[in-house]
Amino acid sequence: ADTSAEGTTGASDAEIKLGYVPSTMNNPFWQAILDGINEEIDGQSVSVQTVDPQADQSKMNDMVGDLIASGVNAIILGPYDTTGVQPALQAAADAGIPVINIDTPVDDLDLVETVVASDNKKAGALVAEDMMSRLDEGSDIAVINCPSGQACIQRLEGFKEEAGDYFNIVQELDGKGELATSLTLAEDILQSNPDLKAIFGVNDPMALGAVQALAAHPEMSDVLVYGVDGSPDGKAAIKDGTMAGTGAQSPNKIGHEAAKAALDVLDGKEVEKDIVVDTFLVTKDNVDEYGTDGWQ
Amino acid sequence: MVEQMVEDELLVEPVRTTEPVSPMSAKTSRVIVEMRDIVKTFPGVKALTNVHLTLHSGEVLGLLGENGAGKSTLMNVLGGVFKPDSGTIRIDGEEVQFNGVLDSQSKGIAFVHQELALEPFLTVAENVFIGRELKNGVGFVSQREMVAQSKQYLDMVGLEVSPNQLVNSLSMGQQQMIEIAKALSLNAKVIVLDEPTSSLSEKEVEDLFRVVRKLKAQGMGIIYISHKMSEIFDLTDNVMIMRDGTYINTVVTSATDEDELVRMMVGRDVENYYCRVFNTPGETALSVKNYVCNPWRKPVDFEVRRGEVLGFYGLIGSGRSELLESIMGFRDGGSGEVYVFGEQVSDKTDPIRMHGLGLALVPEDRKTEGLFLFNDIRFNSSIASLHEFISKLRVNNHKETQIAQHAVDSLNIKVPSLESKVGNLSGGNQQKVVLGKWLATNPKILILDEPTRGIDVGAKAEIYRIINSLASDGVAVIMISSELNEVMNMSDRMAVMRGGEISAVLERDEFNQDKILKYALG
Amino acid sequence: MKIQTKVLDRLEDIPVVGSVAKVVKANMGILIGFLVLLVFLSIFAENFLSWANIVNLMRSVSTNAILAIGVMLSIMLAGIDLTCGALVALSGVVAVLSMSQFGMPLPVALLFGIAIGLVVGLLNGVIIAYTGIHPFVVTLAMQSICRGAAYLAAGGKPVTVRNEAFTALGNGYLGPIPLPVIYMLVLFFLLYLLLNKTRLGRHIYALGGNPTAAKYSGINVTRVKVFVWAVSGLLAAFAGVVLASRMSSGQPTSGVGYETDAIAAAVIGGTSMYGGVGRTSGVFIGVLIIGMISNGLNLLHVNSFWQYVIKGIIIIVAVYFDMRKNKGNVRTGF
Amino acid sequence: MKIQTKVLDRLEDIPVVGSVAKVVKANMGILIGFLVLLVFLSIFAENFLSWANIVNLMRSVSTNAILAIGVMLSIMLAGIDLTCGALVALSGVVAVLSMSQFGMPLPVALLFGIAIGLVVGLLNGVIIAYTGIHPFVVTLAMQSICRGAAYLAAGGKPVTVRNEAFTALGNGYLGPIPLPVIYMLVLFFLLYLLLNKTRLGRHIYALGGNPTAAKYSGINVTRVKVFVWAVSGLLAAFAGVVLASRMSSGQPTSGVGYETDAIAAAVIGGTSMYGGVGRTSGVFIGVLIIGMISNGLNLLHVNSFWQYVIKGIIIIVAVYFDMRKNKGNVRTGF
Ligand SMILES: Nc1ncnc2c1ncn2[C@@H]1O[C@H](COP(=O)(O)OP(=O)(O)OP(=O)(O)O)[C@@H](O)[C@H]1O
Ligand SMILES: Nc1ncnc2c1ncn2[C@@H]1O[C@H](COP(=O)(O)OP(=O)(O)OP(=O)(O)O)[C@@H](O)[C@H]1O
Ligand SMILES: [Mg+2]
Ligand SMILES: [Mg+2]
């Protein structure tokens, strides 16, 4: 079944080796994609090799080198930086290894077989839309962002494009993508903005930090908290009513689609250049459809 | 304490001569160094008050004074380490301002500091040329050249170590010789030796004196600080005396005697220098059998009884410190039988256990082994006897002060207050603090490693008196010393060491300088 | 400054006033910085002095405070503890998993979470004491190990538990005061007792001041080192469990870089990186300053990026002032 | 081990063999660790010894190597440099912005990027030398400042530039060897010259070994300190510019935690945190070991969480072996 990877030696014929290159393994989102990949290849003689670039594009490039050296047949890659990933893609191309681009499209799409992505911008836009439907124009809102991740930057961009000047963003702080840090920030935000109407946590852990902070402020229980991800914990909070909504992605589905595309490419089949995985909003109304046990 | 200092000052009105006498031996010589009206204050301490110093070429000027009199401070001013508050320094008649050690060096002043200041991880050769590394044609450091040249200076002081050896593997005495070699290599006009022999024994002292006399003959000026009177009389042409940061007098060595010097220095007579009452020793306190510090050493045996002083004499590097530190458990790798009051201590001894059994060791190197330089006297003198005043979350401050005050009083430590930082004390006063710390623990077996290193005559007598009274009280004392007189006068018995072995254990009636040196030199 | 100091010297003789005066005198440099910051924020940051914000501030500094106590002890030995941030994550994960996965009762789960910190701390201490490897290296390596262990235990994602009692541990109040603040105050009091009222405390100062002399003074150097790192591990784990309770979940990613803030607090509070010097009261003020920088700047709506810059500057300035005030008493061996 | 050492002693007298023998002897401990790792990976990790992987490995260690040189120097003074990771980000952003935003020509932009490192390094050095604040604190605070500055300059997101020549700087080859590897080798050679052939090198050893003695010997202590931190800043900026070139973009988030790997490499390579001890060859091997751990574990398909654990363990073991071998030559003041 090994056709397009002549460039790599040492890969045993009996098995196909896929390389999985997330932005970081320290985020459940990427873990959920891996779960999807593993489900897809279950029962086939395919193995997945994962590396952890720890949210560092140059490390990612080096690790793609490691994967090429170790003789993988195809690589599923979610870039940390869409420009900086170029040398890694080039190296893979030079070695004749196809790359399936996931999560965020890279700059040079010629170097990847296909893009399997849920639209980060759209996730932000969906949150903005729902928030606008529930709050008056000019309401004070705060954002807990994680400017070190490009996905977060895009989500916030989508949010701001959709919302325009509708809201008064009183504060935008760096929650480092992490719950405990965001908890402290949210507490400070609540102190200094008594008229706050909503907090937008650009991923679910940051939103959950805001939820925890609000728990200690019953007088501000009407503040709406939004996240993006659709993580199990996020959905549980929505079910509880402590979180208003989350722009849900389907990492699981991304994993499935990406693995499928990789195997198709290795089989010599045509694949679609752009595989869009839907992004949608989870609120109290539809949370039960998705359940709170896992990702969707 | 403070009152006491005042009292001392009142005892004798110092004889102040404005014009120091010139050396009679060198009528033709010129003045190389002239320091006038030097004042230096530290926070809370006036270390120097209008001090003068004149040094001629070809002169060896002894500098004498009690601990804390300001000798090192004066030399540090000359060496560019401290900037004086006021006063002038002339070198060869030209007034100079030193902004650092390099300035002073470039004016031809070499300085052997009281405290060793070598680079542990550089070789002997590199240490000799530190700061003035020799270069080759390309401008790179020339290791070869430095090794060759340093060899020459090592030979000069008679030190047999390889120039390529790392300094951290040398004993204190050897390091002191390297400091001297380093000073020689500067080819200076003036060489300052601040207590250079404090951890040297007779043989090395002789080597050093030979070198100093040679330099003197070449017209170099030498300032020599020491608390050892015999050395002062052996070596110096003139002696300058300081007390409490003031200039007292300069006298011609050959026209004075020890008593006069001591009187000028201390402000009173010191009697009963070596006061030792010999009693019949009691039971055996510490007994060591078949002991080796290192697998490659021959085993040693010795014992010390209650109420006696066992002296340990040997040349530098003969392994005295090593042996006793190993027995106390401060060094790894020792093995043999050690009995304390008849009870065998397991082969591998550990210091805490030994302390528990009533042993105490006053270490040789006060700076690294003895003191907490950044803490005050109170802390330093009580740290080994905390159980006396701290228990169950209660601190008996009164008792703590008592311990510290007792050390200060009984050893006559010169300090502004118990809260003074030990690091700011003069070398001799630091030594007393270390001693005080261990005396406070009331040890049953006391090991003293060079206890009078850097201690002035007055205080030395004080320490001898304390050793004597400890012995009388039944304490077993082991005293390591490089000063033959001290060991001969204070010990009941003497172990002489050579090359890591005990070459002889002599009874008091066998003490004889030639015999001892024969065992020490082999 | 001379005059104030003299006045304080006199005051020291009066009983209660005396100890306050002592504390003030010892912390003169840093106290001035603290007051400047306090006055500035009171004027410019709305709500800064509101009770709600004070409670909020105190609660938010509590984690850093607990870590800072352990880290300060390690710094006093001229060492450091870089493991504590990762331990916060590991202990939280372990405590939560003990309940959610293995169904242990709350007290057992807490004990487990804290025990893991003690074990890691002991390991740090033993390696440092017996091998002579520098604490920086040992605790850095252990940080990596603990972080990995936290991810492995949690499977790379947050683990959650629903348990009222557990949640109360970090979110409850004693009267008007949040529980974490109570923990913090109790621990500072214990630190005070340790450093000022016990032999072990003296031994810590001695060992930090001069390790060789400490050995020659008959101090059980090994035991003191093991104790310090073990306590630091224990405290980090305790902080981790409390934090997990506040989040009702164990997050393997939490605590990244916490050691940095703890070190900053200790050092601003006058603990010397050369060892042998440190004051309980100083560290407390240091913790408050670090907390106030972030809380105050947030209240002032300062952008996160500027906050990094400002925080860096304040740290240098604060340490500089503390050193100037204590000139001569503080080592600048460097 | 006794016997090998003796054989090596003899070999030292033979010209070329001599210097190799010296290097081998000095690095005995760590070389054994290195060889064990090498043999292990060669056997178990497929393709580990392939030319492609070796090139990849060498290129990927080059950033850490360049940082490790500066960090090593700071550690040799018993200090540390924690700023370098943040400087990698700042200098990359500055270089890229100089071109993309301000339209500067490439050489000027490069100069700018590197100059910022020199300035920051000088600032570190001056503060350390003149105030006596511990390098850990100064460089930690500066890390925060630089990180903030990088975010502010870049506006929080990566900045990109299309410039062939710039890209070639990090991605080009000299014959079969990637340019970053060349840079690394040249810099190691310069480090060797500095430490072994110049006065300044001696002074670095001296200052690290015993600051008092260095002062008494008339060494310009201030200048040595300023030099060391300035060089470290310069090197970090250079590494940052090369890294930015490799990614054709300046990333304000890059370089997080790089100082950790640089410290680990320096220390594994026998640099003593107590100062005064360090070898060029040792650091080179240290850098390779750190790189091989990550590369090798990836080739061995080890889960990334386990990698944290394994890396921590390897660091402790490697440093331990190095210390055992050099017993007596290395201070274990601690
Ligand atoms: N750096 C310093 N800070 C404060 N006080 C100091 C400092 N250096 C020395 N002193 C004080 O200055 C006085 C003179 O000290 P100095 O070291 O010159 O004495 P000394 O004559 O050399 O004594 P010794 O014989 O013990 O070496 C002492 O009282 C000492 O405490
Ligand atoms: N730290 C060390 N490392 C290696 N060798 C040492 C060390 N300390 C001492 N030595 C060696 O051990 C031998 C004995 O030294 P020791 O200090 O015990 O001698 P000593 O008789 O006390 O002489 P000194 O008066 O010089 O202190 C010397 O040859 C010395 O070179
Ligand atoms: Mg002196
Ligand atoms: Mg000795």
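I count a residue as near a molecule if one of its heavy atoms lies within 4 Å of it. The model I am reading is predicted.

**Entry 1, ligand 2.** I looked up the surroundings of ligand 2 and found 17 residues around it. Gly317(B), Arg320(B), Ser321(B), Glu322(B) and Glu364(B) come nearest. By class, I get three nonpolar, 10 polar and four charged residues in this shell. Helices α6 (172-185) and α10 (320-328) of chain B each supply at least two of the shell residues.

**Entry 2, polar contacts.** I checked distances to oxygen atoms of ligand 2. For Gly317(B), a backbone N or O atom lies 2.7 Å from one. For Gly319(B), a backbone N or O atom lies 2.9 Å from one. Arg320(B) uses its side chain: a polar atom there lies 2.9 Å from an oxygen atom of the ligand. On its own, ligand 2 has 630 Å² of accessible area, and the protein covers 76% of that.

**Entry 3, strand β19(B).** I then turned to residues 445-449 of chain B. Five of the five are buried, so this strand is largely enclosed by the rest of the structure. Side chains in a regular strand alternate between the two faces of the sheet. Here Ile445(B), Ile447(B) and Asp449(B) point one way, and Leu446(B) and Leu448(B) the other.

**Entry 4, strand partners.** I traced the pairing of β19(B). With β16(B), residues 359-362, it is parallel over four bridges. With β20(B), residues 476-480, β19(B) is parallel over five bridges. Ile445(B) is the bridge partner of Leu359(B) and stands opposite Ala476(B) in β20(B). Helix α16(B), residues 457-472, joins β19(B) and β20(B) in a right-handed β-α-β unit.

Technical notes: Residues are numbered from 1 along each chain as its sequence is written. Chains are lettered from A and ligands numbered from 1 in the order in which they are written. This is a predicted model: local features need pLDDT of at least 70, side-chain atom pairs count only at pLDDT 80 or more; totals for chains, interfaces and linings use all residues. Side-chain values use heavy atoms; hydrogens and water are left out. Buried means under 20% relative accessible area, exposed over 50%, partly exposed in between (1.4 Å probe, protein chains only). Two strands pair if DSSP finds at least two bridges between them. A crossover is right-handed if, with the strands pointing away from the viewer, the path from the first strand over the helix to the second runs clockwise. A polar contact is a pair of N or O atoms within 3.5 Å; within protein, one must be able to donate a hydrogen and the other to accept it, and residues adjacent in sequence count only if both atoms are side-chain atoms. Accessible areas come from the Shrake-Rupley method with a 1.4 Å probe; for residues, only the protein chains shown count as cover. Ala, Val, Leu, Ile, Met, Phe, Trp, Tyr, Cys and Pro count as nonpolar, Asp, Glu, Lys and Arg as charged, and the others, Gly among them, as polar.
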